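Visitor: Could you walk me through this one? I'd like to hear the reasoning behind the labels, not just the labels.

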Amino acid sequence: MFALRRIGLRLLLGVAVLWGAATLTFVAVFIIPGDTALLILGGPDARPTQEAIAQVRADYLLDQPFIVQYFHYLGNLLQGDLGQSYRLRIPVAEAIGQQLPSTAALAGFAALLAITLTVAVALASAQRRPWIRAIVSSAEVFLASVPSFVVGFALLILFAFTWKLLPSSGTAGFPSLILPAATLALILFGPLSQVLRNELEEVLEQPFVLTARARGLSDFAVRIRHALRHAAIPTVTMSGFIVGGLLGGSVITETLFSRQGIGGLMLASVYNKDLPVILGVVLLSAAVYVVVNLLVDLLYTSIDPRVVTA
């Protein structure tokens with residue numbers, strides 16, 4: 001019963017998050033300077049007639065007050081209708097669905113790389129010699145502070161232009177996925193590794209770890225079977241940060257590596273004031289964030305039941 005109430009509360013908060021994200025984005029796009037009707041017709045260079053502009057404003061309710069447009073959008077949203085893209089002239093769900101597989105592959109592979117690298121480095125460097133920890137800590141701080149496009153440029157120069165090992169752009173095939181995924185993974189690795197390594201160093205001082213060592217367990221077994229599980233909760237809590245980093249970073253990374261995906265779609269939509277697509281992408285991002293945080297809450301139970309019963 002407690003778990004059901006917890007899930008119900010989380011779902012209600014999730015609905016509030018989605019409503020807040022949609023409202024803030026609607027307001028932000030509404031106040032951006034520019035004539036949306038003119039952009040729909042191809043911009044000033046297309047030289048549309050005043051009659052055509054007036055017709056587009058009437059068709060998309062752009063000639064109505066803000067409050068009318070806002071509640072019209074919310075009404076359609078409650079019926080599951082995200083609207084139609086101004087620029088692409090197709091339903092928003094279809095536009096997002098066309099780009100989603102590419103971004104999902106990039107984000108999934110980047111998350112796998114980041115988590116694998118974080119766990120491996122934290123296990124190997126926690127409570128080691130000071131010079132090892134100093135080198136690892138410096139690398140973590142550097143990667144946590146440097147912009148993602150700098151990391152991407154460095155990987156491009158080394159692996160694509162100098163050594164010519166991997167393609168510099170495109171969406172075709174697994175090789176084209178490696179450099180953009182590595183860019184996102186390295187940016188996430190810095191803060192995640194810092195958190196997990198610091199937590200591991202505290203856990204390795206706990207009495208139950210000393211008892212496990214006294215029973216004859218090897219150092220590797222103690223770290224994997226006992227310390228890692230207890231040190232994982234702060235890192236799991238940062239899953240929201242991981243999701244935010246992957247979604248936000250995909251805009252820059254997909255642009256830098258000329259990849260298809262949600263990031264490129266979002267960038268083009270903002271440039272053209274394509275409000276339905278912008279709101280659709282924002283709602284998708286917020287929904288993923290809500291679901292991930294709900295799963296993290298449930299995951300706490302299997303990692304440490306005391307977190308839930310406390």
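Guide: Sure, we'll take the helix crossing, then two loop residues, then the cores, bearing in mind that this is a predicted model.

Visitor: Why is H8 called oblique to H10?

Guide: Look at the angle: the axes of H8 (residues 175-203) and H10 (residues 219-237) cross at roughly 140°. Roughly antiparallel would need over 145, and roughly perpendicular runs from 65 to 115. The value fits neither, so H8 counts as oblique to H10.

Visitor: What else describes how H8 passes H10?

Guide: The crossing is right-handed, and the two axes come within 8 Å.

Visitor: Which residues of H8 and H10 meet there?

Guide: On the H8 side they include Leu192, Leu196 and Val203, and on the H10 side they include Leu228, Ala231 and Thr235. Glu199 of H8 and His230 of H10 are also among the residues that meet.

Visitor: On to the loops. What makes Arg89 stand out in its backbone?

Guide: Its phi is positive, about 60°, and Arg89 is not a glycine. Most residues other than glycine have a negative phi. You'll find Arg89 in the loop between H4 and H5.

Visitor: And what is the phi of Lys164?

Guide: Also positive, about 50°, and Lys164 isn't a glycine either. Lys164 sits in the loop between H7 (148-162) and H8.

Visitor: Why is Lys164 called exposed, while Arg89 is called partly exposed?

Guide: Exposed takes over 50% relative accessible area, and buried takes under 20%. Lys164 has 64%, so it is exposed. Arg89 has 45%, which lies between the two cut-offs, so it is partly exposed.

Visitor: Now the inside. What makes up the largest nonpolar core?

Guide: That core has 26 residues, and Phe26, Tyr73, Ile96, Leu275 and Val281 have the most contacts inside it. Several helices supply at least two residues each, including H1 (2-31), H5 (92-125) and H12 (262-271). H13 gives the most, with eight residues.

Visitor: How do you know that this core draws on both domain 1 and domain 2?

Guide: By where its residues come from: at least three belong to domain 1 (1-79), and at least three to domain 2 (92-308).

Visitor: Which residues does Ile96 contact, leaving aside neighbours within four places in sequence?

Guide: Ile262, Leu265, Gly280, Val281 and Leu284. Separate from this core is another one, of 15 residues, with Leu106, Ala111, Leu177 and Leu184 among them.

Terms used:
Residues are numbered from 1 along each chain as its sequence is written. This is a predicted model: local features need pLDDT of at least 70, side-chain atom pairs count only at pLDDT 80 or more; totals for chains, interfaces and linings use all residues. Side-chain values use heavy atoms; hydrogens and water are left out. A nonpolar core is a set of buried Ala, Val, Leu, Ile, Met, Phe, Trp, Tyr and Cys residues joined through side-chain atoms within 4.5 Å. Buried means under 20% relative accessible area, exposed over 50%, partly exposed in between (1.4 Å probe, protein chains only). Helices (H or I, at least four residues) and strands (E, at least two) are DSSP runs, numbered from the N terminus. Domain bounds come from an automatic or database domain assignment. Contact means heavy atoms within 4.5 Å. Axes are lines fitted to C-alpha atoms, for helices over the stretch in contact, and angles run from 0 to 180 degrees between N-to-C directions. Angles under 35 degrees count as roughly parallel, over 145 as roughly antiparallel, 65 to 115 as roughly perpendicular and the rest as oblique. A crossing is left-handed if the near helix is turned anticlockwise from the far one by less than a right angle, and right-handed if clockwise.
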